[in-house]
Amino acid sequence: MGMNPEVDVESLAREILRYLETHGEAADTVEGIARWWIKRQRLEETRWRVQRALDYLVGEARVQFKVSPAGQTLYMLAGDGAGATRQSSGVGPAEPAAEPRPSAPGDSLQ
């Protein structure tokens with residue numbers, strides 16, 4: 001039994017609307033919306049959920065993090081074998097830096 005196509009359309013419509021509300025000047029073709037907007041919207045939402053999950057795991061002392069020399073926050077399994085010290089200064093992990101967002105379908109996500 002497959003997914004209801006109408007529910008899928010409504011879900012996708014909400015994603016497109018969220019993108020437009022966040023990027024008020026956006027305009028694109030069907031191809032551009034499918035290729036750039038939807039992927040980007042899902043990536044941003046996934047990043048937010050991953051950060052919250054990592055914050056929870058750090059709080060539970062199951063995961064630890066360290067800041068690399070380049071300033072990136074790296075997460076790993078907590079414990080002596082993980083190769084890093086656990087952060088206990090009360091300062092939480094840094095939010096990951098946002099990647100540049102292309103403004104047109106021809107721009108690169110790299």
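These questions and answers go through helix H2 of a predicted model, its buried residues and its salt bridges.

Trainee: Which element gives the largest share of the largest nonpolar core?
Mentor: The largest nonpolar core has five residues, namely Tyr19, Ile33, Trp36, Trp37 and Ile38. Four residues of this core come from one element, which runs over residues 30-59. The element that gives the largest share is helix H2.

Trainee: How far does H2 reach from its first C-alpha to its last?
Mentor: H2 has 30 residues, and at 1.5 Å a residue a span of 44 Å would be expected. The span in the model is close to that expected value, and from first C-alpha to last H2 reaches 42 Å.

Trainee: At which residue does H2 bend?
Mentor: The residue in question lies in helix H2 and touches, among residues further than four places away in sequence, Ile16, Tyr19, Leu20, Ala26, Ala27, Asp28 and Gly32. The bend there is about 25 degrees, and the residue is tryptophan 37.

Trainee: Is tryptophan 37 buried or exposed?
Mentor: A residue counts as buried when its relative accessible area is under 20%. Tryptophan 37 has a relative accessibility of 6%, and therefore it counts as buried.

Trainee: Against which elements do the buried residues of H2 pack?
Mentor: The buried residues of H2 include Gly32, Ile33, Arg40, Gln51, Leu54 and Val58. Their packing partners are one helix and two strands, given here with their residue ranges: helix H1 (5-22), strand E1 (63-67) and strand E2 (73-77).

Trainee: With which side chain does the side chain of glutamine 41 make a polar contact?
Mentor: Glutamine 41 is found in helix H2, and it is buried, with a relative accessible area of 5%. Leaving aside neighbours within four places in sequence, glutamine 41 is in contact with Glu15, Arg18 and Tyr19. The polar contact of its side chain, at 2.9 Å, is with the side chain of glutamate 45.

Trainee: Which residue meets arginine 42 in a salt bridge?
Mentor: Four salt bridges are counted in the model, and in one of them the side chain of arginine 42 takes part, at 2.9 Å from N to O. This pair links distant parts of the chain, with arginine 42 in helix H2 and its partner in helix H1, 27 residues apart. Arginine 42 is partly exposed at 44%, whereas the partner is buried at 6%. That partner is glutamate 15.

Trainee: About how many helical turns separate arginine 35 and glutamate 31?
Mentor: The side chains of arginine 35 and glutamate 31 meet in a salt bridge at 3.0 Å, N to O. Arginine 35 is partly exposed, with a relative accessible area of 45%, and glutamate 31 is partly exposed too, at 49%. An α-helix has 3.6 residues a turn, so residues three or four places apart point the same way. Because arginine 35 and glutamate 31 are four residues apart in helix H2, their separation is about one helical turn.

Trainee: What is the N to O distance in the salt bridge of aspartate 55 and arginine 52?
Mentor: Aspartate 55 and arginine 52 both lie in helix H2, three residues apart, or about one turn of the helix. Aspartate 55 is partly exposed, with a relative accessible area of 29%, and arginine 52 is partly exposed at 33%. Their side chains meet in a salt bridge with an N to O distance of 3.5 Å.

Methods
Residues are numbered from 1 along each chain as its sequence is written. This is a predicted model: local features need pLDDT of at least 70, side-chain atom pairs count only at pLDDT 80 or more; totals for chains, interfaces and linings use all residues. Side-chain values use heavy atoms; hydrogens and water are left out. A nonpolar core is a set of buried Ala, Val, Leu, Ile, Met, Phe, Trp, Tyr and Cys residues joined through side-chain atoms within 4.5 Å. Buried means under 20% relative accessible area, exposed over 50%, partly exposed in between (1.4 Å probe, protein chains only). A polar contact is a pair of N or O atoms within 3.5 Å; within protein, one must be able to donate a hydrogen and the other to accept it, and residues adjacent in sequence count only if both atoms are side-chain atoms. Contact means heavy atoms within 4.5 Å. The expected span of a helix is 1.5 Å times one less than its number of residues. The bend at a residue is the angle between axes fitted to the seven residues ending there and the seven starting there.
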